[in-house]
Amino acid sequence: MSKKHLEGKNVLVTGAGRGIGRAVALRCAQEGARVVVCDYGVAQDGSDPTSEVADAVVAEIQAAGGEAVSVAGDISDMSVAEGAVRMAVGRWGSIDGAVCVAGILRERMLFNMTEEEFDDVIRVHLKGHFTVFRHASAIMRKQDTGGSLVAFTSGAHTGSVSQANYAAAKSGIVGLTRSAALGLSRYGVRANAVAPIARTRMSAGVPTEMSDMGEPEDVAPMVVYLLSDASKDVTAQMYTITGNKIAVWNQTVEIREMRAATDQWSVDDIVARFDEVGQEVHPFMVEVERRRQDALAGSRPNQ
Ligand SMILES: NC(=O)c1ccc[n+]([C@@H]2O[C@H](COP(=O)([O-])OP(=O)(O)OC[C@H]3O[C@@H](n4cnc5c(N)ncnc54)[C@H](O)[C@@H]3O)[C@@H](O)[C@H]2O)c1
């Protein structure tokens with residue numbers, strides 16, 4: 001039998017009741033970790049919570065000979081996250097990894113989006129990372145062995161046509177993760193983000209021709225790697241994981257600048273010299289424009 005990569009580690013996984021989170025929790029347990037399975041058991045829009053979803057995954061782990069405990073609360077609640085971290089520390093003595101997978105969707109064009117739809121998505125995704133990172137890192141920084149934080153972002157962090165709330169949350173998660181990596185490196189705590197693409201209820205509406213598509217189980221090995229000691233020098237990174245592909249994203253840096261001849265730019269000078277910085281075409285803008293043209297063509301009567 002091959003080496004278990006998380007032997008002796010205690011890991012918390014949010015959104016662990018379904019989809020990718022479930023696959024991550026099961027794989028962590030197979031790799032020797034004890035797992036706090038956090039899941040509110042909600043519908044895709046965040047409604048109708050039930051504890052059965054988290055309990056079922058705990059039962060699966062235990063049936064396979066692993067150790068796990070469930071937390072069925074709303075992870076965007078500070079006290080739920082603190083309780084989940086304390087659960088690992090109280091029962092097993094440490095918290096070595098925290099993986100934030102929980103998420104909901106409230107898709108709507110920006111001009112129709114309600115305040116509630118915006119707030120709920122930001123709360124579950126972005127605050128649901130802060131709560132866990134905050135409480136886990138407070139313990140991890142005092143442990144000799146440090147710890148590993150794994151965030152779940154999305155390719156949509158670069159922008160999305162009809163999910164401005166989700167894109168904003170996923171972009172915020174990237175900033176939060178990089179900040180965690182920078183602020184916690186001196187304590188031996190690492191933070192990385194993954195952008196998965198996998199067949200779940202959440203991705204059911206994504207046209208498959210638009211992207212690669214894999215299974216939740218394809219995402220889990222890289223998350224295990226990021227939690228393991230094998231990645232002890234890996235931090236502040238973002239990886240796409242889908243099917244048999246793992247890709248690293250670049251770091252966002254300035255790429256061109258222009259300087260005014262005096263202390264301050266005048267608008268006239270910017271107009272005259274703007275092309276020196278110019279603009280970077282958004283990769284999806286080409287596709288958005290193509291779809292607009294298709295829609296226009298489709299709306300014309302056949303000739
Ligand atoms: N599936 C994809 O292709 C894809 C693509 C990009 C990003 N993601 C991200 O990956 C993550 C997992 O997505 P998935 O497709 O497995 O989704 P999923 O809907 O299958 O699972 C999400 C889980 O999170 C739980 N959850 C929701 N709100 C919660 C809360 N407040 N507290 C605790 N648990 C809560 C749900 O009960 C559910 O079990 C999400 O963060 C998602 O944004 C997924």
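This briefing covers the sheet, the helix packing and the salt bridges of one structure. The model is predicted. Its sheet is open and has 8 strands. Helices α2 and α6 pack against strands of that sheet. Three helix pairs are described below: α4 with α5, α1 with α2, and α3 with α4. Salt bridges number 18.

**The sheet**

- The strand order is β3-β2-β1-β4-β5-β6-β7-β8, and the pairing is mixed.
- Strands β3 (68-71) and β8 (245-248) are the edges; each has a single partner strand, so one side of each lacks a neighbour in the sheet.
- On average, neighbouring strands are turned by 20° against each other, direction ignored.
- Strands β6 (residues 189-196) and β7 (residues 238-242) run parallel and are joined by 4 bridges.
- Within this pairing, Ala 195 has Thr 240 in β7 as its bridge partner.

**Helices on the sheet**

- Helix α2 (residues 52-63) touches β2 (34-38) and β3. The direction of α2 makes about 180° with that of β3.
- Helix α6 (residues 216-227) lies across β1 (10-14), β4 (97-100), β5 (147-152), β6, β7 and β8. Relative to β5, α6 runs at about 145°.

**Helix pair α4 and α5**

- Helix α4 spans residues 115-140 and helix α5 residues 164-184. Their axes are 8 Å apart, at an angle of about 15°.
- The two helices are therefore roughly parallel to each other. Their crossing is right-handed.
- On the α4 side, the contact includes Phe 118, Val 121, Ile 122, Leu 126, Phe 130 and Phe 133. Two histidines of α4, His 125 and His 129, also take part.
- On the α5 side, the contact includes Tyr 166, Ala 168, Ala 169, Ile 173, Leu 176 and Leu 184. Gly 172 and Thr 177 of α5 are also among the contact residues.
- The contact divides into 13 nonpolar, 6 polar and 2 charged residues.

**Helix pair α1 and α2**

- Helix α1 (residues 19-30) packs with α2 at about 25°, with the axes 10 Å apart. That angle makes α1 roughly parallel to α2.
- The crossing is right-handed.
- From α1, the contact takes Arg 22, Ala 25, Leu 26 and Ala 29. From α2, it takes Val 57, Glu 60 and Ile 61.
- The residues of this contact are 5 nonpolar, no polar and 2 charged.

**Helix pair α3 and α4**

- The axes of helix α3 (residues 78-92) and α4 come within 8 Å and cross at roughly 35°. This crossing is right-handed.
- Helix α3 contributes Met 78, Ala 81, Glu 82, Val 85 and Val 89.
- Helix α4 contributes Phe 130, Thr 131, Val 132, Arg 134, His 135, Ala 136 and Ile 139.
- These residues divide into 8 nonpolar, 2 polar and 2 charged.
- Phe 130 of α4 appears in the contact with α3 and also in the contact with α5.

**Salt bridges**

- Side chains of opposite charge can pair when their charged atoms come close. The structure holds 18 salt bridges.
- One salt bridge joins the side chains of Arg 106 and Asp 120, at 3.0 Å from N to O.
- Arg 106 sits in the loop between β4 and α4, and Asp 120 in helix α4, so the pair ties together parts that are 14 residues apart in sequence.

Terms used. Residues are numbered from 1 along each chain as its sequence is written. This is a predicted model: local features need pLDDT of at least 70, side-chain atom pairs count only at pLDDT 80 or more; totals for chains, interfaces and linings use all residues. Side-chain values use heavy atoms; hydrogens and water are left out. Two strands pair if DSSP finds at least two bridges between them. Axes are lines fitted to C-alpha atoms, for helices over the stretch in contact, and angles run from 0 to 180 degrees between N-to-C directions. Contact means heavy atoms within 4.5 Å. Angles under 35 degrees count as roughly parallel, over 145 as roughly antiparallel, 65 to 115 as roughly perpendicular and the rest as oblique. A crossing is left-handed if the near helix is turned anticlockwise from the far one by less than a right angle, and right-handed if clockwise. Ala, Val, Leu, Ile, Met, Phe, Trp, Tyr, Cys and Pro count as nonpolar, Asp, Glu, Lys and Arg as charged, and the others, Gly among them, as polar. A salt bridge is a side-chain nitrogen of Lys or Arg within 4 Å of a carboxyl oxygen of Asp or Glu.
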